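User: Could you take a close look at one part of this model for me? I'd like one strand and its surroundings, walked through in one go.

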Amino acid sequence: MGILEKIAEIEREISRTQKNKATEYHLGLLKAKLAKYRAQLLEPSKSAGAKGEGFDVMKSGDARVALIGFPSVGKSTFLSLMTSTESEAASYEFTTLTCIPGVIQYKGANIQLLDLPGIIEGAAQGKGRGRQVIAVARTADVVIMMLDATKGDVQRELLEKELESVGIRLNCPKPNIYFKPKKGGGLSYNSMVPLTHCPEKLVQLILHEYKIFNAEVLFREDSTPDEFIDVIVGNRVYMPCLYVYNKVDQISIEEVDRLAHRPNSVVISCGMKLNLDYLLEQLWEDLALICIYTKKRGGKLFFWSSIYSNLRIHRTLASQFKYALVWVRSFFT
């Protein structure tokens, strides 16, 4: 039985198992096995050929945004409208076959926007060019999920499931769990809050599934078994996602209002160039860029010379950093 068949079998077993106190250990083990097989599926094959042409795009600018969506939802048109890059757009599917970069200039920052090929259901298992698209998406600071407003919530649910299965967590905080494997001493299990989802026995069973018998585990919040498994695996990516519903000029006002009031959602029309300014404002908030002005010691501060940071610093800066003078606007003025 191959990995895909094992994954399908475990998913069927989880779906037909009732969730209650008696089955929580069984479900926890199934989820641990499922995470293991999905991780194996994402490992590059030794017999794999060269990398896909056009997907090896150098990261540039102050932030990177990935456009993800099904074919023919308006990603290429959106890229052409927001940047100076012309991406081929047509009425047929799979117009874009490679990763096409563009740059959005907004409030003095350069935001790299990547137009990725449309993915299809089953992309996480390698259908189409799904794995390559998802690999690029993992390197982004924000994901824009472009959706066809005429399709309702179907596309959103399918894409969320695909990204969830490959370890991309959208609009979710990182679990506040301390986990450290040890060479001996067994399991040290502690919590700072009452736990309702992860008793010690279940934590032990999940760790044994990963061949971990000695570890320190400290729960700082009431986490679920899925969140604990994410911490053990250690390769999960947590990023903000903006759900953008395109083609709202083709649906009713009531449906536009419903979609617009969904969390982290923006409604636009690329064809009629509607609401693009508001989308940029929301994207700017999700990027959470901070403008930093630097100056030499004893020199003047020039406010027209600045850099943007999203709190990601070079790995050598922390060890070489000595001191800094910081000026901020008072919260009370």
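Analyst: Here is a walk through strand S10, its partners and one serine beside it. A word on ground rules: this is a predicted model, so local features need pLDDT of at least 70 and side-chain atom pairs count only at pLDDT 80 or more, while totals for chains, interfaces and linings use all residues. Residues are numbered from 1 along each chain as its sequence is written, and side-chain values use heavy atoms, with hydrogens and water left out.

Let's start with S10, residues 241–246. Strands here are DSSP E runs of at least two residues and helices are H or I runs of at least four, both numbered from the N terminus. Six of the six residues in S10 are buried, so the strand is largely enclosed by the rest of the structure. Buried means under 20% relative accessible area, exposed means over 50%, and partly exposed is in between (1.4 Å probe, protein chains only). In a regular strand the side chains alternate between the two faces of the sheet. Here, Cys 241, Tyr 243 and Tyr 245 point one way, with Leu 242, Val 244 and Asn 246 pointing the other.

Now the neighbours. Strands count as paired if DSSP finds at least two bridges between them. S4 (residues 142–148) runs parallel to S10 over six bridges, and Asp 148 sits opposite Asn 246 of S10. S11 pairs with S10 too, in the parallel sense over three bridges, and Val 266 in S11 is the bridge partner of Val 244. To get from S10 to S11, the chain passes through helix H8 (residues 253–260), and this β-α-β crossover is right-handed. That handedness means that, with the strands pointing away from the viewer, the path from the first strand over the helix to the second runs clockwise.

Next, zoom in on Ser 265, part of S11 (residues 265–267). Ser 265 is buried, at 9% relative accessible area. Leaving out residues up to four places away in sequence, Ser 265 touches Arg 156, Tyr 243, Tyr 245, Leu 259 and Ala 260, where contact means heavy atoms within 4.5 Å. Two of those names, Tyr 243 and Tyr 245, point one way from S10 along with Cys 241. With Arg 156, Ser 265 also makes a side-chain polar contact of 3.1 Å. A polar contact is a pair of N or O atoms within 3.5 Å; within protein, one must be able to donate a hydrogen and the other to accept it, and residues adjacent in sequence count only if both atoms are side-chain atoms.
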